[in-house]
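Thanks for coming. I will go through one model today, starting with a single residue and ending with a cavity.

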Amino acid sequence: MSIGSNTVMRGAWQDRLAGGLIWALLGVTLVFLLLPLVVAVVMSLDSRPFLGQLPPPSLSLQWYAKVFTSDYIGPSFATSLVVALVAVALNATAGTAAAVAITSGRLPGSRLLAQLFLSPLVVPAVVIGFGLLLVLARLGITSGIGRLMLGHIVITLPYAIRACMASLVGQDRRLTEAAAILGANEWQAFRSVTLPLIRTGIITGAIFTLAISLDDVAVSMFLVDRQNITLPVALVTHMRAAFDLTIAAIAVMAMVFTAFVVLILDVTLGIDRVIGQGLYRSEKENS
Amino acid sequence: MTDTLEFDAVTKQFGAVTALDGVGFSVKQGETIALLGPSGCGKTTILRLIAGFEQPDAGRVLLGGRDMAGLRPYQRNVGLLFQHYALFPHMTVAENIAYGLRYRGTPKAEVAARVTEMLRLVRLEGMADRRPDQLSGGQQQRVALARAMATRPELLLLDEPLSALDARLRQDLRTELRDLLAETGTTAIVVTHDQEEAMSLGQRIFVMRAGRILQQGIPDEVYWQPQDRFTAEFMGRVNWLDGSFVTGAAGPVFRTPGGWEIAVPALPSGQAGATELCLRPESIEMVGADHGIRTDTGTMRGVLEQTTLLGPTRILSVRLSDGQSVEVAMPNRSQAMLQVGSFVMLAVNGHNGAFFGA
């Protein structure tokens, strides 16, 4: 037997082993990802008023009913929603403007600015929350809702800018030059050429903003006050104070809602595009 | 009548690099000029200054007699065909063409009529609702041209208009483009690094290098009478013959060290010390095999060292008996006698030569 064929043989079983390991790893990952979801669903249907062993002896919708009857969920959800929507609105406008300015190449120090704008991504949320609390107190901003809005903008803006920059980078600068030489002023060129081409980036940024803002506990914990509590903070607080599986019910409802949103996005825009760089580039790749 | 475009001693710096160094020229109405030069010679900067993407550091750019200083691109009536077309990918062909009209307050009915007219002009009828990515390169180029011309600009700028196309298509579109510019009476500036494109499209050629215009003139003049080595070599293949200019029995001649004499129209006047004759390969003809009979004025002898086939023409490399090497271009017809290593007789037409000092 020649050495060559021996090597080929060994390569073959090694490949098979590697392939098997990858599949096993995928399987384990999937189980660890899905198991908590399954547990949450089961727990949300638990009929017992205490945390017992799984599976529960009987099922009930009591925790779902409690979501709609309890007095703290409605207001805190409203607070969360207002804060998230303000963050989305500001990110979609100011974030887009920042991304356009940074990628234009005409702004001095744009690289430094880009780093600064993206730095909240690497600073731990607890640090941001605590730091914000101190700074805002110094500035005299003591209202919970104001603090929450500012805090959520700080933690979500990097995602919005990043998503927008990704779709801008793929764009040909000559397109805006073409618009200008054809007679469109800066604003008209932005409206008719840049904006349609980075739409996907803005939508992606908005989705990230919404998701992160609605989900945040670590930063919000420092910024809430008695009148303005976000839903995640309220849930955590209540679960500590008294045993309450409403959190599981809400988790399941959020899951269903998210799945619905993803489905809609996939049907209308294509989820790979939303996650990917931008409408124009992915269209080119697809064709 | 005022010129459509006038460059008045324009200088433009990018950091430490001087892109344009006091460039001045003018373009008459209805004329097509070609800015020819290697990349980095400043030709694209000229185009960007006219478009208003850049502002001159010194000097003036006048369009139709008006100083363009401080005017934004959309305040000028200039059309621009981009090298890679820069079509709006999210718009149809018709929307692309109508774009400029939209922002110039053209009435709706007139926009539709103009789009139809432009589509006919670039022979893309029936493509109005396609998107740019559904078109071939040549079709995209035509849409870009239609878009640039739809607003009837005072001046049309074409940035390497054909360089993104393959060779065959480039030749077809070159003719088409020239006819279109003539038909519409458009004043145009073609920026290119391709001397064939410059000669076929430009009624006048401006050869550029390092931020300056070296020479300008009609294509034949620039091709046959280059005023410097760079222009001579940039315009096409060229031979440099060493020798001296003397007055022979029948008039002025150029004499090579090997004793060959080539009749020239006149002795170089301005370039007193001229010692080089610049000859295009097609100014030399291969007469036939050398039988060593005679040495007339205008003939040279040498050994055929190499032949290179370029389709319609064949380039012969001949080592003259005085050691100099020349390239001869001949129509690719008879190849039976072309034996490498054989002695050949050449006939030289010195009347198309240019002179250079050492």
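Contact here means heavy atoms within 4.5 Å. This is a predicted model, in which local features need pLDDT of at least 70, side-chain atom pairs count only at pLDDT 80 or more, and totals for chains, interfaces and linings use all residues. Residues are numbered from 1 along each chain as its sequence is written, chains are lettered from A and ligands numbered from 1 in the order in which they are written, and side-chain values use heavy atoms, with hydrogens and water left out.

Take Gln188(A). Leaving aside neighbours within four places in sequence, Gln188(A) is in contact with Gly183(A), Tyr99(B) and Tyr103(B). Gln188(A) sits in helix 8 of chain A, residues 186-215. Helices are DSSP runs of H or I, at least four residues, numbered from the N terminus.

Now the cavities. Rolling a probe the size of a water molecule over the atoms shows where empty space is left. A cavity is a set of points, on a 1 Å grid over the protein atoms alone, where a 1.4 Å probe fits but cannot get out; lining residues have an atom within 4 Å of a point. Grid points are joined across faces, edges and corners, and volume is the space filled by probe spheres set on the points.

There are two cavities of 30 Å³ or more, and the largest has a volume of about 60 Å³. Its lining includes Asn91(A), Cys164(A) and Gly205(A). Helix 3, helix 6 (144-169) and helix 8 of chain A each give two or more residues to that lining. Helix 3 of chain A gives the most, with five residues.

Key
On a 1 Å grid over the protein atoms alone, a cavity is a set of points where a 1.4 Å probe fits but cannot get out, and a pocket is an open set with protein on both sides within 12 Å along at least five of seven lines; lining residues have an atom within 4 Å of a point.
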